[in-house]
Amino acid sequence: MEKTKHTGPIKLPKKPDPSLWVSKVPFGLGKIKPHHIRDTMKVVWENKDNLPYATRILTKGVCDGCALGVQGLHDQTLAGPHICTTRLNVLRLNTMKAMKPDILHADIDELRNMSSTELRKLGRIPYPLIRRPGERKFKRISWDEAMDTIADKIKSIDPKQYAFYLTSRGITNESYYVAAKVSRFLGTNNIDNASRICHSPSKTALTRSVGIGASSCNYLDWIGTDVLVFWGSVAANNQPVSTKYMYAAKRKGTKIIMINPYYEPSMDKYWVPSVPESALFGTKIADDVYQVNIGGDIAFMHGVMKHWFEMEEKEHGSAIDHSFVLEHVNGFEELREKVTAYDWAQLERTSGLSKERIGELAEILAKSTSGVFVWSMGLTQHRFGTDNISQVANLALLRGFLGRKHCGLMPIRGHSGVQGSGEMGADPFSLPGGAINEEGRKRVEEVWGFDIPEWQGDIVGVSLENALLPEEHERKLKLYYMSGGNFLETMPDPDFVKDCLENVDIRVHQDIIFNTSTFVDAKEAVIVLPAMTRYEQPGGGTSTSTERMVYFSPEIKGPRIGEARSEWEIYVDLAKRVKQEDSYLIDFKDAYAVRDEIALAAPNYNGIQHLKESGDLFQWGGAWLCEGGICPTADGKGNLIAVELPERRKPEGHFYVTTRRGKQFNSMIYGEKDPFNDADRYDVLMNKEDGKTHEIKEGDAIVVYNKYGSFNGRAKFVPIKSGNVEVHWPEGNPLIPKGVYEQFAGIPEYNTAVIVEKAETYYAQKDTKYVEKRVEELEMEIS
Ligand code: SF4
């Protein structure tokens, strides 16, 4: 690995290209689209009390939004400014003042009545707090009291009875690393992070298919590749500046394909604010859109490969890159057998696409000499997420789209910490630098100087469920230590999650703000610890982007929240209080010392120790992983995986539901209306024809329900694949079953079958029998 280095940013062409314009009418007047200038002014207004600090964060810091990666206002892909409204929206979290005491110590029910959006605006947590059973308000405590209470509890229980969780937003590699080390130092492997619920199958599948756990290529590879495929990814919404890269790609003749149940408007046309011609006239993004059924991707990809094998029968070499396959790939015959055994009718029915349409994509890919596949939660958040991603890898391996310019596999990350958290070992299956296996454990134990527990730690969903185990069970969760995160709004079945949160003895919320989970009771105490943002941490911090760039974000001068502390320092403090006698093993002088040790413990991160100034960065692994087709697997070859077609559990007349993001950044909602399609948070996106069949008109009040829960919304007709509906996340989470995890990566299933009915019908007949009967019917049909 690491033969070729990233070549750095390139320039956009100066002359406009009217053939890409959406319309000659400037600024998309009359069209439904975001208003970037208005949104920017709103953010300036919000930050008016702290504008110089806000400006320093934007110009010197590394973005704490998505994992596209940007240092200051510049990135490594394109010359010119890089900024988006997501970053501007998140900015306020860093510049807010502390919450006022009357809010901080308000009656708990008053706080419970607020939404996460309202809570986010209240301000930062200024000092440690505690609330015990029966108490109506949070009480101020000292850091010593707080940490001693947590440490005493940890000392009194088995290491399998406590767990750590770290979110993916804003947290630095240094904090992930120290948390990973501290949890093992204390004796527990129960540590997990937010990538478990977004991208864990990407890492699992890429490891088994090609031996890597990260994107194999760069955003630069998008620009000029023959074909750029977005599979279950709405990058225009979730990683907004990616649209500038898409614009650059279009200017180089790249064909952009979107595969999604919904014809996402933001991936169809976009007004890129930092590109004058695009800001004025818009840019047509997707050249073609394949509207696949929710959960129909494996069938679609089988269809593409089946078409290729049929092409090969007519003309050898017309679809498969045989020299690449021969030299670099295992499992060709097994895959061919599996794929050709499926009949077209089955693949068409499951994917929702005709043989002809599937063939069109197959031909495009077969004729392309280069290609980049980008995916996101549309592929990962399924009970067969790992198979979904291995299917994408199968396509790339058969076409030789790996390990060279303009080619690769890219799980695009939605949070700045998704890539780094696992690589730093804050994960029950990983240690810094790799998987937990004999070799990995030995390597890291040598650096750490203590033994790493050998039992398998639990994933976040299982840790939560463990809170409901009997008191004497060896894995009964008694203390949950969370760095950020809001399970009530991210995990399926919020009522169940609340039960779990209430059933731990002590819950620790280490955070910068309150969220709705903070107010759930606990059996002994809820403890809230004020954390610093990444820009406040003495000695700065690093984060790793989707394309494996490790960026240094310096400490930025500005106002501080009196008692807030660096997250990694809090973990060290805890470790020392629990095991005072061994505290020398867990001490770090400063953030530089943490980075020095990361370089030793995680060989890929050798180089992190030299990052000291604003603008310092490096890319681990070089420009392309698997360069020249040589994969870091046991035999150096990629593995084609013959995956099974998943069973579609949708009875006739029912719908598949999935969740989508509107004007929000992950679970943080920034607007009630999605500016791309005008949908509000309670609109149910459905196909017009399905509406007709069910006698539902646009705007009708409807109920979406199943045996897990119900969702009251309004019908909004959009171009979505018939038989599929989409609701916003997290509002739609009550429909999603609890405890269904993907078998390899442990991601929860976020899709399910539902009944859609007009509200008047549902409520007119809502005697228990009626609902029970329908739900029983559904249970029988899908079980
Ligand atoms: S696209 Fe992502 S990395 Fe870039 S500014 Fe926006 S949130 Fe930050």
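Visitor: Let me start with a lysine: is Lys716 buried or exposed?
Guide: In this predicted model, Lys716 counts as buried, because its relative accessible area is 16% and the cut-off for buried is under 20%.

Visitor: And where does Lys716 lie?
Guide: Lys716 belongs to strand 27, which takes in residues 710-717.

Visitor: What does Lys716 touch, leaving out residues up to four places away in sequence?
Guide: With those residues set aside, Lys716 touches Asn677, Asp678, Ala679, Asp683, Val684, Leu685, Met686 and Glu698. For Asn677 there is a further detail, as its backbone oxygen lies 3.4 Å from a polar atom of the Lys716 side chain.

Visitor: How far is Lys716 from Ala67?
Guide: Measuring from C-alpha to C-alpha, the two are 31 Å apart in space, and in sequence 649 residues separate Lys716 from Ala67.

Visitor: Back to Asp678, then: what is its phi like?
Guide: Asp678 is a residue other than glycine, yet its phi is positive, near 70 degrees. Most residues other than glycine have a negative phi. Asp678 sits in the loop between strand 24 (668-669) and strand 25 (683-686), and with a relative accessible area of 35% it is partly exposed.

Visitor: Which cysteine has a positive phi too?
Guide: That is Cys626, with a phi of about 60 degrees. Cys626 is placed in the loop between strand 20 (617-619) and strand 21 (638-639), and it counts as buried because its relative accessibility is 0%.

Visitor: Changing topic, what about strand 28, and how many of its residues are buried?
Guide: Strand 28, residues 724-728, is mostly covered, with 5 of its 5 residues buried. Asn724, Glu726 and His728 point one way from the strand, while Val725 and Val727 point the other way.

Visitor: Why would they take turns like that?
Guide: In a regular strand the side chains alternate between the two faces of the sheet.

Visitor: Which way does strand 22 run against strand 28, parallel or antiparallel?
Guide: Strand 22 (residues 655-660) and strand 28 run parallel, and 5 bridges join them. One bridge partnership is that of Thr659 with Val727 of strand 28.

Visitor: Does strand 22 hold anything charged, or rather, where is Arg660?
Guide: Arg660 has its place in strand 22, and at 6% relative accessibility it counts as buried.

Visitor: What polar contacts does the Arg660 side chain make?
Guide: Among them is a contact of 2.8 Å with the side chain of Glu264, and another of 3.4 Å reaches the side chain of His728. Setting aside neighbours within four places in sequence, the residues in contact with Arg660 include Tyr262, Asp674, Asn677, Leu685, Glu726, Val727 and Trp729.

Visitor: Trp729 is next to Pro730, so is the peptide bond between them cis or trans?
Guide: The bond from Trp729 to Pro730 is cis, with omega near 15 degrees. Most peptide bonds are trans. Pro730 itself is found in the loop between strand 28 and strand 29 (752-758).

Visitor: Now helices: how well does helix 20 fit its expected span?
Guide: The 15 residues of helix 20 (residues 385-399) should span 21 Å at 1.5 Å a residue, and the end C-alpha atoms are 22 Å apart, which agrees. Helix 20 is mostly covered, since 15 of its 15 residues are buried, and it is followed by Gly400, whose phi is positive, near 70 degrees.

Visitor: How many residues of helix 25 are buried?
Guide: In helix 25, 9 of the 12 residues are buried, so the rest of the structure largely encloses it. Trp568, Tyr571 and Leu574 are among the buried ones. This helix, residues 567-578, reaches 17 Å from its first C-alpha to its last, close to the 16 Å expected.

Visitor: One loop residue before I finish: where is Asn50?
Guide: Asn50 lies in the loop between helix 1 (36-46) and helix 2 (51-60), and it is buried, with a relative accessible area of 11%. Its side chain reaches the backbone oxygen of Thr95 at 2.8 Å, and, neighbours within four places aside, Asn50 is in contact with Thr95 and Pro559.

Visitor: And which residues are closest to the ligand?
Guide: The closest are Cys63, Cys66, His82, Cys84 and Val241, out of 13 residues that surround the ligand. That shell divides into 7 nonpolar, 5 polar and 1 charged.

Methods. Residues numbered from 1 in each chain as written. Predicted model: local features only at pLDDT ≥ 70, side-chain atom pairs only at ≥ 80, totals over all residues. Heavy atoms only, no water. Near = heavy atom within 4 Å. Nonpolar A, V, L, I, M, F, W, Y, C, P; charged D, E, K, R; others polar. Buried < 20%, exposed > 50% of the residue type's maximum accessible area, 1.4 Å probe, protein only. Helix = DSSP H or I, 4+ residues; strand = E, 2+ residues; numbered from the N terminus. Pairing = 2+ DSSP bridges. Contact = heavy atoms within 4.5 Å. Polar contact = N/O pair within 3.5 Å; in protein donor to acceptor, adjacent residues only side chain to side chain. Expected span 1.5 Å × (residues − 1).
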